[in-house]
Amino acid sequence: MTEHHLAQLNVARLREPLDAPSMAEFLALFEPVNALADSAPGFVWRLTDGDADDATTIRPYGDDVIINMSVWESREALWNFTYRSGHLDVLRRRREWFLRMAEPSIVMWWVPAGRIPSVEEARDRLERVRREGPGPEAFTFREVYDPAGVTVEI
Amino acid sequence: MDDVDAIAALQDPVRRRLYDYVAAQDHEVGRAEAADAAGVQRTLAAFHLDRLTEAGLLDAVFRRPAGRSGPGAGRPAKLYRRSAAERVVSVPPRDYRVPAELLAEVVEEAGGEEILERLARRRGRSAGVAAAGEAGPRADEGLEDEGMAAALRARGYEPYRDGTDLRLRNCPFHALAVEFPPVVCGMNLALLEGLIEGLGTTGVAARMDPRPGECCVVLVSKNNES
């Protein structure tokens, strides 16, 4: 139906390796929260490493940074999953498991519906938002653009 | 219409009853239902509902009754729901939104969530203790606790029963929560945990369970928890 889908990449710096006891609670949340995403209205795709059902082995930013990447039908769909589902409680507790990053750790951009973006493309978008701030090609929830490049009032 | 005019539209007692009723419902309300609830004639209710819509306090939508479509289904009914727009009036002019946003941003940048939650829990607790004093001795310490419901209503949460849980229809911190969800929702959870603790409603626990369009917290009976 829609011509564009919203892709997002977010990165998080681990306090300790994923197999550390302090990360056990976070690891236990992986399966239910991934299942929540997969069944969320407007969910299109999320990155997995092929072996497991998650992307934790994909570490383009170094050993201590995990990434997740997904595609959604709309901003509302991504928003409702991120902040209006069980996922919010994981975000609320993020300091228990992740170190704060000085640079932006999330980026979103529009892709033609049906095209799955590559990790390389996602890295370019995050790099852009870090370098230039939010714009039509790479933005954040704070400053959203529509596919035509117009700022969206939320 | 500016904020003062919009709020002044609520001065009429019938209009106020209609607004309160529509705002409290979990569905869009038709004229007949609103008229019954306010105890007035339908035509009078329709007049006031439209005035409330003009004032931007309600939104009007046209819909066919559920389950009917196609020819012969009748005209779509005019239904009303509370507008999402916020109206604020302060005399003399005050602006707490800008500092609130800046302070929330500081908490996020500095990673101060833990401190915020500790302070929010403390604040909730003293509010709860004060509210418990006003409510007097209460027999029920579960979700039926009327003292707890009153304290929640007084803070704008609009509690309602949903199966075995007590859900909160309204987020009193909505605009700020949309800007800084983890910070503000975490604060809200801590406030409510403190409030319940201060009230002494021992059979109830606050849990984060957000849904689109509602408060992020649900109150559950501790007996039902697995």
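This is a short tour of the boundary between chains A and B, followed by two helix pairs in chain B, in a predicted model.

Begin by showing both chains together and selecting the residues where they meet: 12 residues of chain A are in contact with 13 residues of chain B. On the chain A side, the elements that contribute two or more residues are helix 2 (75-83), helix 3 (87-92) and helix 4 (94-97) of chain A. Colour helix 3 of chain A separately, since this helix gives the most to that side, with 4 residues. If you then colour the chain A side by residue class, you will find 4 nonpolar, 2 polar and 6 charged residues.

Next, hide chain A and select residues 31-38 and 42-54 of chain B, which are helix 3 and helix 4 of that chain; their axes come within 9 Å and cross at roughly 105 degrees, and the two helices are therefore roughly perpendicular to each other. Show side chains for Arg31(B), Ala32(B), Ala34(B), Ala35(B) and Ala38(B) in helix 3 of chain B, which meet Arg42(B), Ala45(B), Ala46(B) and Leu49(B) in helix 4 of chain B. This contact is made up of 7 nonpolar and 2 charged residues, with no polar ones.

Finally, move to helix 7 (residues 146-154) and helix 9 (residues 181-199) of chain B, whose axes come within 11 Å and cross at roughly 140 degrees. These two helices are therefore oblique to each other, and their crossing is right-handed. Select Gly147(B), Met148(B) and Ala151(B) in helix 7 of chain B, and you will see them meet Leu195(B), Ile196(B) and Leu199(B) in helix 9 of chain B; here the residues divide into 5 nonpolar and 1 polar, with no charged ones.

Key
Residues are numbered from 1 along each chain as its sequence is written. Chains are lettered from A and ligands numbered from 1 in the order in which they are written. This is a predicted model: local features need pLDDT of at least 70, side-chain atom pairs count only at pLDDT 80 or more; totals for chains, interfaces and linings use all residues. Two residues are in contact if their C-beta atoms, placed from the backbone, lie within 7 Å. Ala, Val, Leu, Ile, Met, Phe, Trp, Tyr, Cys and Pro count as nonpolar, Asp, Glu, Lys and Arg as charged, and the others, Gly among them, as polar. Axes are lines fitted to C-alpha atoms, for helices over the stretch in contact, and angles run from 0 to 180 degrees between N-to-C directions. Angles under 35 degrees count as roughly parallel, over 145 as roughly antiparallel, 65 to 115 as roughly perpendicular and the rest as oblique. A crossing is left-handed if the near helix is turned anticlockwise from the far one by less than a right angle, and right-handed if clockwise.
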